[in-house]
Amino acid sequence: MIHSIPLNSSQLHSSFNRDYEPILIIDSGDTIQLKTIDIQWGYSASETEERTIFTSRENEDKLAHPIIGPIAIRGAKPGMVLEVRTNKLIPGWYGRNWAGGLPAWQNGKLDITDSERLQVDWKLDAARMTGSCELGSQEFKVGLSPFLGLMGVAPAEDGSFPTKPPGYFGGNIDCKELVPGSSLFLPISVDGALFSLGDGHALQGDGESSGTAIECPMDLVDITLVLHEDMKLSMPRANTPAGWITFGFDQDLNEAAAGALAEMVSFMEQLYNISRTEAAALSSVAVDLHITQVVNDVKGVHAILPHAAIR
């Protein structure tokens, strides 16, 4: 079954909480189609339409990422895994990114001061999958590779959790490989899973080094949610066009890298039915470590096992 979610404030929130009431209850295998708003809580369908500003249905004081949900899946129980299949993404006509006001890790490293805060306005062409902006007297063009920066289920713990740092439940992973054709696997901690999504990105480099990608609304998000009762995970995992991916998150980049690699070695043990030491040796010649992002309170690293790397 295909479900459509209307774009209005009653569908939006900006934190994770296991006690939030779902906006929609679906069956495993159902597809959802929706629009998402931009990072500044606005949406405009065209250059001639004024941006509409939205609010959170939870009346949260400090609004962060606007996310849609939560969506409950019938039969979802703690210990199961939710697969999020990204079928199609169409970015809106505009996007923005910023530099200056640097994250703490950059202070003293780049010659940019807070007073030089810069907003870059991008014009996006979804038909051609291109974007353009003007910097100084020059025009710059890029090819787009849209993905959702934020997809997650409700954490097991009580209380509200900010959207900025990712965690074992997913959330603001900001992994540029999660393009259409990808499946993100999330460990479920609460009944119904309570899945939420948002944070559209038209294009991002690994690291998201200035703090933002090309942040944009999405005119269409088409995803399918599938329960896996026999699959066991403690951290997110993904199957993408680039390969199988495991993730590590920590305030220390070394620890984040170690976590991503440990998850990949465990995956390769199971995939190839080999010992952990054998999997570690194989990973050293076939697996790439990428810095996912360095700007969301915790650092992110993802390990990629390309599909054609081992034959």
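**Exercise 1. The second largest pocket**

Which residues lie nearest the centre of the second largest pocket, and how many residues line it?

*Solution.* Start with the ground rules. This is a predicted model, in which local features need pLDDT of at least 70 and side-chain atom pairs count only at pLDDT 80 or more, while totals for chains, interfaces and linings use all residues. Residues are numbered from 1 along each chain as its sequence is written, and side-chain values use heavy atoms, with hydrogens and water left out.

Step 1. Fix the term. A pocket is an open set of points on a 1 Å grid over the protein atoms alone, where a 1.4 Å probe fits and protein lies on both sides within 12 Å along at least five of seven lines; lining residues have an atom within 4 Å of a point.

Step 2. Read the lining. It holds 16 residues, and Asn97, Trp122, Ser210, Thr212 and Ile214 lie nearest the centre.

Step 3. Add the volume. It is about 250 Å³, taken as the space filled by probe spheres set on the points.

Step 4. Sort by class. The lining has nine nonpolar, six polar and one charged residues. Here Ala, Val, Leu, Ile, Met, Phe, Trp, Tyr, Cys and Pro are nonpolar, Asp, Glu, Lys and Arg are charged, and the others, Gly among them, are polar.

Step 5. Find the strands (DSSP runs of E, at least two residues, numbered from the N terminus). β10 (94-99) and β11 (118-125) each supply at least two lining residues. β11 gives the most, with three.

**Exercise 2. The four-strand sheet**

Find the strand order of the sheet that holds β10 and β11, and name its edges.

*Solution.* Step 1. The order is β10-β11-β12-β13, an open sheet with antiparallel pairing. Two strands pair if DSSP finds at least two bridges between them.

Step 2. β10 and β13 (138-143) each have a single partner strand, so one side of each lacks a neighbour in the sheet.

Step 3. From one strand to the next, the twist averages 30 degrees. Its axes are lines fitted to C-alpha atoms, and angles run from 0 to 180 degrees between N-to-C directions.

Step 4. Look at one pairing. Six bridges join β10 and β11. Gly95 has Trp122 in β11 as its bridge partner.

**Exercise 3. Strand β23**

Is strand β23 (residues 298-305) largely enclosed or left open?

*Solution.* Step 1. Eight of its eight residues are buried (under 20% relative accessible area, 1.4 Å probe, protein chains only). So β23 is largely enclosed by the rest of the structure.

Step 2. Check both faces. Val298, Gly300, His302 and Ile304 point one way, and Lys299, Val301, Ala303 and Leu305 the other.

Step 3. Find the neighbours. Seven bridges join β21 to β23, running antiparallel, with Phe247 opposite His302. Six bridges join β22 to β23, also antiparallel; Leu289 has Ala303 as its bridge partner.

Step 4. Inspect the turn. One residue lies between β22 and β23 in their hairpin, where Asp297 takes a positive phi near 70 degrees.

**Exercise 4. An aromatic pair**

Why does the pair of Phe185 and Trp244 count as stacked?

*Solution.* Step 1. The whole structure holds six aromatic pairs. Rings of Phe, Tyr and Trp (its six-membered ring) pair if their centres lie within 6.5 Å; planes under 30 degrees apart count as stacked, over 60 as edge-to-face and the rest as tilted.

Step 2. Here the centres are 6.2 Å apart and the planes at 20 degrees, so the pair is stacked.

Step 3. Phe185 lies in β17 (residues 183-187) and Trp244 in β21 (residues 243-250), so the pair ties together parts 59 residues apart in sequence.

Note on methods:
Buried < 20%, exposed > 50% of the residue type's maximum accessible area, 1.4 Å probe, protein only.
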